[in-house]
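Biologist: Please take a close look at the disulfides of this model, treating each in turn and saying how it sits in the chain. Afterwards, I would like to see that part set beside the charged pairs, the nonpolar cores and the chain as a whole.

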Amino acid sequence: MATQGPQPLQQLLLLFLVSGVGTSSPAALGGRISPSVPSLGVRLSSPSGFRGSNSTVLSGKASPATALGGNASSPGAPREKTPSPTVQDLKEPPLQVPSGWSSPRIAGGPLSVLVGSPISLRLAPAPALGPPSPVVVWRRGTTVLAAGTLGSKAAPPSLAPDYRTRLRFDQATGGLDLEQAELADSGHYTAELIHAGRERELRNVTVYVYEPLPRLTVAPADPVTEEGTPELRLRCVGARPSQGQLSWSQGERPLEAGPGDGEGPARLRTDGIDLVITRPKRTDQANYTCRVQSPFGASEATAAVTVLYGPDPPVITVSSDRDASPARYVSMGSNVTLRCDAASRPPAELSWSLADPREAAVPAGPRLLLPGVGPAHAGAYACLAANPRTGLRRRGLLNLTVAAPPPGSPRCSIQASPGDRSLLLGCTWPGGVPGASVQWTGLPPDVPASPSPSSLFVSVPARPQLSGLTFTCLGRHLAATRSCSVTPKAPEEVLLKLKTEKSTSGEALVTLEATGCPPPARVAWAREGRPLAPGGGGRLKLSPDGHRLLLGNFSLEHDVGNYSVLCSGALGAGGNRITLTGPSISSWRLQPADGAAVLTWDVERGCVVSGFEVQARTEKPEAGATGLSGGAWTSLLLLGPRERSAVVLLPSQPPGPWKLRVLPTLGSQPGLPSSSRSYWAGPILGPGAIAGIVLGSLLALSLLAALLVLLGCCACRLWGNNMKKPLIFLPATFTPEKKTRSVTSVGAPQSSPSGFAMEPSPTWACPVLVPSQVTAASPKGVHRTVRSATQV
């Protein structure tokens with residue numbers, strides 16, 4: 001009977017729970033209920049016929065929910081507006097349990113089930129049924145699904161009217177069964193255990209109800225768009241939020257889901273089941289895949305997006321077989337290739353517009369070959385690019401420069417202004433394609449030095465300090481850089497050089513050249529103190545610079561005399577003079593050498609000579625002979641005006657003597673011949689004769705030397721006989737059987753190997769040789785050797 005006492009109070013509590021009173025806290029029940037129960041858990045089960053696991057144990061700390069489809073709502077959210085709890089909502093404070101009770105276990109997370117499968121929620125372990133019996137209340141969100149007292153004799157539980165046909169509350173274990181799961185059954189389920197005299201215990205579990213995975217497609221399929229269009233929208237057909245999490249990927253790169261702002265990566269944004277590409281770019285071309293992922297698998301579909309673009313402005317590049325930098329210029333005559341590139345999808349159609357309007361056939365394609373370019377190939381070239389899909393056309397231009405440097409180098413000149421107040425520096429470099437520019441360097445600071453095309457003249461005030469300074473003109477062209485220089489100098493030592501030539505008609509051409517007269521000095525010529533006025537078709541002519549005076553058909557009667565030159569300019573003045581005389585020989589020499597005559601001669605300064613003739617004649621003419629043998633002067637050699645020596649070979653018959661002279665000439669006019677000199681042209685000795693003469697001379701010298709030696713020896717012998725003393729013979733003993741040994745004193749001279757001894761003699765005397773032994777006859781006829789000594 002004690003167990004039946006609290007039943008009326010519990011029934012009253014159930015009525016309050018079902019009617020919605022006291023669903024927030026136990027305070028709404030009008031008192032504090034402290035049931036004596038252990039820790040509460042929830043067992044979730046699902047039939048084994050469905051994929052995935054439907055079992056979990058809910059303990060003191062609930063597992064966080066998993067957001068699907070980019071939001072926190074459960075798959076059944078469209079049917080029930082109860083929001084899914086966030087992670088912070090699921091992290092409730094841990095359950096306060098009495099000392100000695102076991103802590104709850106964490107053994108799972110949210111429960112995922114398919115539509116139509118049952119949902120079974122169990123409390124594990126089952127609450128104790130001791131008195132007073134606990135009350136279990138089940139809620140989904142804020143909706144109370146079931147509430148009842150545990151125990152076999154307890155009153156029937158209260159079930160929510162909308163779920164009464166599908167709900168079953170187990171009063172023995174406190175579990176809840178929900179048949180035929182619907183999308184609206186997704187949400188947060190809470191089991192509240194109420195014990196009299198204790199605080200309530202809450203346990204949460206999240207249930208997700210999914211629809212089966214669909215067969216997806218992307219619409220439009222393989223779309224084609226153009227770059228810069230407002231947007232491209234791709235729809236994942238067949239996808240719904242209740243089926244799982246929807247995601248998009250570009251190739252292998254996942255796309256972040258977000259509202260997007262139209263700039264940067266957010267140009268690609270999701271809008272429900274659509275992927276929106278704002279202002280597509282060429283880099284957006286890829287395969288796009290929509291994918292629905294759930295705990296029961298995944299489904300996906302792919303579409304290839306093509307982004308048409310272009311053409312971009314064509315870029316023309318140039319190459320040449322001769323030039324390292326053809327973008328600046330190409331050399332005339334080189335082979336040039338133009339290449340046009342224009343980014344486009346699909347590839348653009350390319351055509352050319354040439355600079356030469358006479359070129360009729362214009363090829364199409366990315367390359368254009370110009371063989372052997374010339375000036376006509378220079379100009380603007382256009383590349384036309386057209387996209388057949390987008391209909392856009394673009395044009396690219398290239399200005400081709402064909403370069404050929406001007407011939408030679410720049411030409412520099414220097415002149416004096418009227419009154420010699422300034423110097424006029426000129427620099428010209430004409431020609432070339434395109435024209436060159438010239439510029440002076442090294443000018444004084446007060447003189448401008450800006451460049452000018454082709455020619456430039458600069459006026460520099462005349463100062464003595466300018467003498468010896470070098471001014472350089474730089475000629476710049478695309479293909480070459482060259483220069484020339486001028487150095488103004490004051491006249492220092494003016495010299496006159498004489499040059500005489502003979503024309504083909506026999507006339508004498510005389511040239512006077514003044515040196516040491518550098519520009520900008522002017523040259524003035526005079527004869528006998530009177531200025532000369534060359535030109536006018538006369539015999540006098542001047543070179544363009546005035547440094548050479550030409551006297552044509554020089555006449556010995558009219559043109560000889562004193563000539564002078566005056567060199568004057570802004571930096572100083574100087575001069576010189578020369579006296580022109582007729583052709584003559586000032587001195588000459590004749591030397592025989594190996595059967596030939598060597599002639600050398602000289603002429604005075606100012607002597608006008610166009611050639612020399614070496615003449616000869618015999619001094620013993622032959623009777624009735626003519627020419628050389630007849631005694632007439634005959635020219636043997638004809639020499640130029642610069643020759644000053646000659647070698648003449650005269651015939652040996654007749655042997656001579658010969659007369660030789662040198663005759664100077666001026667054109668066809670003979671001058672004064674030199675004096676004549678004799679030369680004997682006898683027979684020439686051969687090698688044998690010369691060798692005999694040499695051997696005879698050597699033999700005569702040998703005989704003479706022998707005779708002198710003999711005479712010297714005789715004189716010495718005679719002198720020695722006059723100075724000789726008598727001999728002293730020393731006594732000696734001997735036996736018949738043996739010869740007596742000779743005794744020689746220490747100071748006696750030694751015998752020579754030939755039997756003669758060398759006697760000492762004064763330094764001026766000759767040595768005298770005497771016998772060292774004398775053989776004498778004894779009375780008995782026995783020979784004996786006598787030691788002899790000789791003293792001189």
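**The disulfides and their surroundings**

Modeller: In this model, which is predicted rather than determined by experiment, C236 is buried, with a relative accessible area of 0%. Its partner is C290, with a distance of 2.2 Å from sulfur to sulfur, and the torsion about this S-S bond is about 65 degrees, so the disulfide is right-handed. The bond connects distant parts of the chain, for C236 belongs to strand β14 (residues 231-237) and C290 to strand β19, and 54 residues separate them in sequence. C290 is likewise buried, at a relative accessible area of 0%.

The disulfide between C340 and C383 has its sulfur atoms 1.9 Å apart. Here the torsion is about -90 degrees, and the bond is therefore left-handed. It also links distant parts of the chain, since C340 is found in strand β23 (residues 336-341) and C383 in strand β26 (residues 379-386), 43 residues apart. With relative accessible areas of 1% for C340 and 0% for C383, each of these cysteines falls under the 20% limit that defines a buried residue.

In the disulfide formed by C517 and C567, the sulfur atoms lie 1.7 Å apart, and a torsion of about 90 degrees makes the bond right-handed. C517 is placed in the loop between β37 (508-515) and β38 (522-527), whereas C567 is in strand β42 (residues 561-569), so this pair ties together parts of the chain that are 50 residues apart in sequence. C567 counts as buried at 0% relative accessibility, and the loop residue C517 counts as buried at 4%.

The total number of disulfides comes to five, and the bonds described above are among them. Another cysteine, C607, counts as buried at 7% relative accessibility. C713, by contrast, takes part in no disulfide, and the nearest cysteine sulfur, which belongs to C716, is 6.6 Å away. That distance does not meet the requirement of sulfur atoms within 2.5 Å, and C713 is partly exposed, with a relative accessibility of 48%.

The charged pairs offer a second kind of connection. Side chains of opposite charge can pair when their charged atoms come close, and the structure holds 21 salt bridges. In one of them, R267 meets D284, with the closest N and O atoms 3.0 Å apart. R267 lies in the loop between β16 (253-254) and β17 (268-271), and D284 in the loop between β18 (274-278) and β19 (286-294), so the salt bridge ties together parts 17 residues apart in sequence. R267 is buried, at 8% relative accessibility, and D284 is buried as well, at 4%.

A salt bridge also forms between E192 and R200, at 3.3 Å from N to O; here E192 is buried at 2%, whereas R200 is partly exposed at 25%. R291 and E300 meet at 2.9 Å from N to O, and this pair is partly exposed on either side, with 32% for R291 and 47% for E300. Elsewhere, E231, R233, R235, D271 and D274 are joined into one network by salt bridges that share partners.

Turning to the nonpolar interior, the largest core contains 25 residues, and I119 and W138 have the most contacts inside it. Several strands each supply at least two of its residues, including β4 (119-122), β5 (135-140), β10 (187-194) and β11 (201-210). A second core, separate from this one, has 21 residues, among them V494, A521, L551 and I578.

One strand pairing can be followed in detail: β29 (residues 411-416) and β30 (residues 422-428) run antiparallel and are joined by six bridges, with I414 standing opposite L425 of β30. Five residues lie between the strands of this hairpin, in which G419 adopts a positive phi near 85 degrees.

For the chain as a whole, there are 56 strands and three helices, and 38% of the 792 residues count as buried. Of the contacts between residues at least 6 apart in sequence, 62% join residues at least 24 apart. The chain exposes about 43,600 Å², of which carbon and sulfur atoms supply 56%.

Conventions:
Residues numbered from 1 in each chain as written. Predicted model: local features only at pLDDT ≥ 70, side-chain atom pairs only at ≥ 80, totals over all residues. Heavy atoms only, no water. Helix = DSSP H or I, 4+ residues; strand = E, 2+ residues; numbered from the N terminus. Buried < 20%, exposed > 50% of the residue type's maximum accessible area, 1.4 Å probe, protein only. Contact = heavy atoms within 4.5 Å. Areas by Shrake-Rupley, 256 points an atom, 1.4 Å probe, with all protein chains shown as cover. Salt bridge = Lys/Arg side-chain N within 4 Å of Asp/Glu carboxyl O. Pairing = 2+ DSSP bridges. Core = buried A, V, L, I, M, F, W, Y, C linked by side-chain atoms within 4.5 Å.
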